[in-house]
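Got your viewer open? Let's take a short walk through this model, one selection after another.

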Amino acid sequence: MASAVPYDPEGFGAETNPFAQEDNQVESTPATAPSPVVESTPTQETESTTETLPAPATASASETAPAPQPAPAPRPVKKYKLALKVTALERQGKKDPIIRFDAYTTLPRFRTTTFKDIRRTHHEFMKFGSHLNNANPECFVPPVPPSVTSAGAGTEEDEIKVKRKIQLWLDRVSANPILARDEEFVNFIESDFGYSPLNKRKPPATGMTRKALKQLQPPHDEVTELAEFRPIIKQLYLASQDTNAKLEKVSKSRRALGLALNDFGAKIAQYTTVDNENVGMTHMWRKLSKVFTAIGDLEAIKATSEAVSLGDGLNLIAQDSYVAKEAMTNRHLLMRELVKAQANTKSKHQTAVKLKGSTNINPAKVDEAIAILEDATSAEEQLTNKVRRVTENMLIEKPILEERLEGDIRSYIAEYVVRIIESERRALSAWESVRADVRAADANGGLSRLGRESYPSRRGVPLAQSQTVKGDSWSGDRTVRAQDLNDSPSAFSDNAGKQDAEESGEGELEATEEATLVDARNAASLLAGSTF
């Protein structure tokens, strides 16, 4: 990392200025010397006072001295607030959607505290987010979510998702004290007709210059925490992109599978005319045709659910990690500029020293060298302060970014798992609906015999649906999970030591009965109950 201290060889200043006059130090000596007249006057007054005043008078004066006043109580620190709430989302065909929201703030520079029915297009949100990212290089600005999801524009789920993500973005931006105090926030909330950033700022390098600088070795970074954090963020960005691309292929394959199942169900319906004498077989083929069509539709729904829950989430994770990676890249570019500024200051100082040592000194050249040296020193000091500010604030926001990314990944995976489970339960329920028709195909149980000649003609397996309101009938007791038992393995031993002999005996009997319910024979019978 570049040095945070400006270049100052041998304490370069007014004393070591190559062009400083030698009589400056001589003039400063009498100016700082104390005046003998000022010191003698108070000394004589104090001596005469102690001689004339008697001892009792001195004691009474000390008794009548006023008591010291208590220090004033510190004023309470005023807490500023900025709250934004999305109220509606308006779409007009394929045009850019309009987002309506309300704002309440106690920050200064605003005309009032409450703003109702603010209207901004999604493109204006994008411009505002780009300004925040460019104007605040020390912050990890969250990316603006897209205006449409994989659920499809105009659907109810799409509107709910977009509103929720825009609300989450506004909450995160307003919770950042640096972003909330940005001057452009006032213009974004108070402007009446349209919005456009007034102060447009650009990153340290753009275009081909930025790509070329990113290919070079990054400068030495003394902050190990940030130096190790950038490769992790870059890996997260690449992994999110790769996973999203693979998930898109899976969704595409699921849609193709859904279409194939629908076609297969339509062709199975043709078997209803093959054997008109057996009514059971006719009903079975007709029901199987409907089930395969329903399963195809469920596969298409599952593909959409994967894209909405996990695909869009991975896309946002990739954008967020990319913005964080580019923010740390901007810090490296600032460090490169600081190294160049330090070298420039050193070069200008050496030039001034050579000019002082020359025999023929031109006053115009001396003034020009001093001005150039002062400009170089000022530029170096500004870059030093900027790099220090960016580094310190990134260290503060680093755990916040980690917590935000971890929470988002957990929520996206949880939503994806819940949706896939619901789709599988619907598919299982559809398959169970045809079970009775398959068994009623003939008197021996239809296709449920599966080639077993010694299979009994009458089966005692119930035909109840496994999917109920309370959950799966085959999932067992969900009040106690294996994870809970693993978290506290000593729970059984502690309870067993506190119970008496009779209760411990009953517990062992119940445990033995539960163990016998999962042997091979019972497991086979349970599996046979779920087949045709």
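Start by selecting Arg331 and Asp221: they form a salt bridge, with the closest N and O atoms 2.7 Å apart. Arg331 sits in helix α10 (residues 279-357) and Asp221 in the loop between α8 and α9, so this pair ties together parts that are 110 residues apart in sequence. Keep in mind as you look around that this is a predicted model. Are the two partners buried or exposed? Arg331 is buried at 2% relative accessibility, and Asp221 is buried too, at 12%.

Next, pick Glu225 and Lys398, another salt bridge, at 3.5 Å between the closest N and O atoms. Glu225 belongs to helix α9 and Lys398 to helix α11, so the pair links parts 173 residues apart in sequence. Glu225 is partly exposed at 41%, while Lys398 is buried at 10%. Stay on Lys398 and add Phe229: the lysine lies over the face of that ring, 5.0 Å from its centre.

Now for Lys246 and Asp242, whose side chains meet in a salt bridge of 3.6 Å, N to O. They are 4 residues apart in helix α9, about one helical turn. For a bigger group, select Arg254, Glu299, Lys302, Glu306 and Glu424, which shared salt-bridge partners join into one network.

Time for some rings. Phe101, Phe125, Phe128, Trp169, Phe185, Phe188 and Tyr195 are linked into a cluster by ring pairs. Add Arg120, which lies over the face of Phe188, 5.7 Å from the ring centre.

Last stop: Ile409, Ile413, Val417 and Ile421 make a nonpolar surface patch of about 290 Å². Ile421 lies in helix α11 (residues 363-433).

Methods: Residues numbered from 1 in each chain as written. Predicted model: local features only at pLDDT ≥ 70, side-chain atom pairs only at ≥ 80, totals over all residues. Heavy atoms only, no water. Phe/Tyr/Trp six-rings, centres within 6.5 Å; stacked < 30°, edge-to-face > 60°. Lys NZ or Arg CZ within 6 Å of the ring centre and 35° of its normal. Patch = residues over 30% accessible without salt bridge, like charges linked within 9 Å, V, L, I, M, F, W, Y side chains within 5 Å. Areas by Shrake-Rupley, 256 points an atom, 1.4 Å probe, with all protein chains shown as cover. Salt bridge = Lys/Arg side-chain N within 4 Å of Asp/Glu carboxyl O. Helix = DSSP H or I, 4+ residues; strand = E, 2+ residues; numbered from the N terminus. Buried < 20%, exposed > 50% of the residue type's maximum accessible area, 1.4 Å probe, protein only.
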